[in-house]
Amino acid sequence: MADLDGIKDGKDFGLDRPQQNKPFFLKGLNNVDWGMKARMSRLFNPKSGRTVMLAFDHGYFQGPTTGLERIDLNIAPLMPYADVLMCTRGIARSVVDPELGKPLALRCSGGNSILGELSNEAVAVDIEDAIRLNAYALAAQVYIGSEYEHQSIKNVIKLIDTGTRYGIPTLAVTGVGKDMVRDARYFGLATRIAAEIGAHYLKTYFVEENFENVCAACPVPIVIAGGKKLPEFDALTMAYKAIDQGAAGVDMGRNIFQSDAPVAMIQAVGAVVHDLMKPEQAYQMYQDLKAKG
């Protein structure tokens, strides 16, 4: 029983000022629950409002592609420099050190391969297993304009509904249908649909024309995919342009782990994303870190 001796009446009730509740730092998420905000605050840096996600979930449909042959050798050295690790549950359990303390964006769609129709996916992780893995986000592909568009949207809806029940946000990843052009009109359509059905943040591709319109029309944060391997300066320039036009971060894979100096590259990307370092300075940073080995 609590000691009741010496209890005094409160005096400082701050009657001269009302209680203040500050807005949440990520757009579109002010009205989600406390647990959802707590997880989003780990996925995105509250100081910069942005994130560097390290994507190495490609093996779920590509197998041991270049740079991902050995996650323990090629990817583990990069993990300390990322804000978020995007991977499958198989890789998380077998390779990712839980003592590292990095939040996981868990790949939760699957059921296809590069040998078949990529859009033919299913929800591949049960919510209970995601909770066991302490997932901070549930990630699934949405293929607007593809043969299995409807199924991919249903997959994302299922994750949103089950994740919201437990305060876990959903990341919708925009895959590109075979007959769709990679332009602002397509990505504006795909990201808006995913946000309208309740995705808490989106991953999409950067486009040179009107990308700011894609970001402005999406009511929740957007992070850009790195896409195919580019020269390091070009990848840093793409990241800078995306952030400058409204993106809240990057989810890069090949442009980091296939770089000539992956550890240097992820640090340079981080400087662009969080410090708004210009591409020329970031590339010089990359060169300097690469020279130091």
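# Questions on a predicted model

User: N210 is found in the loop between β8 and α8 (211-217). What is the approximate phi of N210?

Analyst: This is a predicted model, and N210 belongs to the loop that joins β8 and α8. Most residues other than glycine have a negative phi. N210 is not a glycine, although its phi is positive, with a value of about 65°.

User: Is N210 buried, partly exposed or exposed?

Analyst: Buried residues lie under 20% relative accessible area and exposed ones over 50%, with partly exposed in between. The relative accessibility of N210 is 40%, so N210 counts as partly exposed.

User: L276 is another residue with a positive phi although it is not a glycine. Between which two helices is L276 found?

Analyst: The phi of L276 is about 55°, and its relative accessible area of 45% places it in the partly exposed class. The loop that holds L276 runs between α11 (262-275) and α12 (279-292).

User: With which side chains does the side chain of D129 make polar contacts, R89 and which other?

Analyst: D129 lies in helix α5, which covers residues 127-132, and with a relative accessible area of 7% this acidic position is therefore buried. Once residues up to four places away in sequence are set aside, D129 touches R89 and R93. The side chain of D129 reaches the side chain of R89 in a polar contact at 2.7 Å, and at 2.6 Å it makes a polar contact with the side chain of R93.

User: What is the volume of the largest pocket, and which residues of its lining are the closest to its centre?

Analyst: The largest pocket has a volume of about 970 Å³. Its lining is made of 42 residues, and those closest to the centre are V176, R182, Y205, G227 and R254.

User: Which element gives the largest share of the lining of the largest pocket?

Analyst: Two or more lining residues of this pocket come from each of α2 (59-62), β6 (137-144), β7 (170-176), β8 (201-204) and β10 (249-252). The largest share amounts to 4 residues, and the element that gives them is β7.

User: How many residues of the lining of the largest pocket are charged?

Analyst: The lining can be divided by residue class, in which 15 residues are nonpolar and 13 are polar. The remaining class, the charged residues, has 14 members.

User: Which residues touch the most other members of the largest nonpolar core?

Analyst: In soluble globular proteins, nonpolar side chains tend to be buried together. The largest nonpolar core of this model has 88 residues, and F56 is one of those that touch the most other members; the residues that F56 touches, beyond four places in sequence, include L68, I71, I75, M79 and V96. The full group with the most such contacts is L54, F56, I75, Y201, L202 and F211.

User: How far apart in space are L138 and C218, C-alpha to C-alpha?

Analyst: L138 is found in strand β6 and has 1% relative accessibility, so it counts as buried. Not counting residues up to four places away in sequence, L138 touches, among others, L106, C108, I127, A130 and L159. C218 does not stand close in sequence, being 80 residues from L138, and the separation of the two in space is 19 Å.

User: What distance separates the C-alpha atoms of L159 and A139?

Analyst: L159 lies in helix α6 (residues 149-165) and is buried, with a relative accessible area of 3%. Leaving aside neighbours within four places in sequence, L159 is in contact with residues including L138, A139 and A140. L159 and A139 are 20 residues apart along the chain, and the distance between their C-alpha atoms is 8.2 Å.

User: How far apart in space are G35 and L138, C-alpha to C-alpha?

Analyst: G35 is found in helix α1 (residues 34-43), where its relative accessible area of 22% makes it partly exposed. G35 and L138 are 103 residues apart in sequence, and in space they are separated by 14 Å.

User: Which residues is L236 in contact with, leaving aside its neighbours within four places in sequence?

Analyst: L236 lies in helix α9 (residues 232-244) and is buried, with a relative accessible area of 0%. The C-alpha atoms of L236 and S113, 123 residues apart along the chain, are separated by 30 Å. The contacts of L236 beyond its sequence neighbours are M265, A268, V269, V272, P279, A282 and Y283.

Terms used:
Residues are numbered from 1 along each chain as its sequence is written. This is a predicted model: local features need pLDDT of at least 70, side-chain atom pairs count only at pLDDT 80 or more; totals for chains, interfaces and linings use all residues. Side-chain values use heavy atoms; hydrogens and water are left out. On a 1 Å grid over the protein atoms alone, a cavity is a set of points where a 1.4 Å probe fits but cannot get out, and a pocket is an open set with protein on both sides within 12 Å along at least five of seven lines; lining residues have an atom within 4 Å of a point. Grid points are joined across faces, edges and corners, and a volume is the space filled by probe spheres set on the points. Ala, Val, Leu, Ile, Met, Phe, Trp, Tyr, Cys and Pro count as nonpolar, Asp, Glu, Lys and Arg as charged, and the others, Gly among them, as polar. Buried means under 20% relative accessible area, exposed over 50%, partly exposed in between (1.4 Å probe, protein chains only). A polar contact is a pair of N or O atoms within 3.5 Å; within protein, one must be able to donate a hydrogen and the other to accept it, and residues adjacent in sequence count only if both atoms are side-chain atoms. Contact means heavy atoms within 4.5 Å. A nonpolar core is a set of buried Ala, Val, Leu, Ile, Met, Phe, Trp, Tyr and Cys residues joined through side-chain atoms within 4.5 Å.
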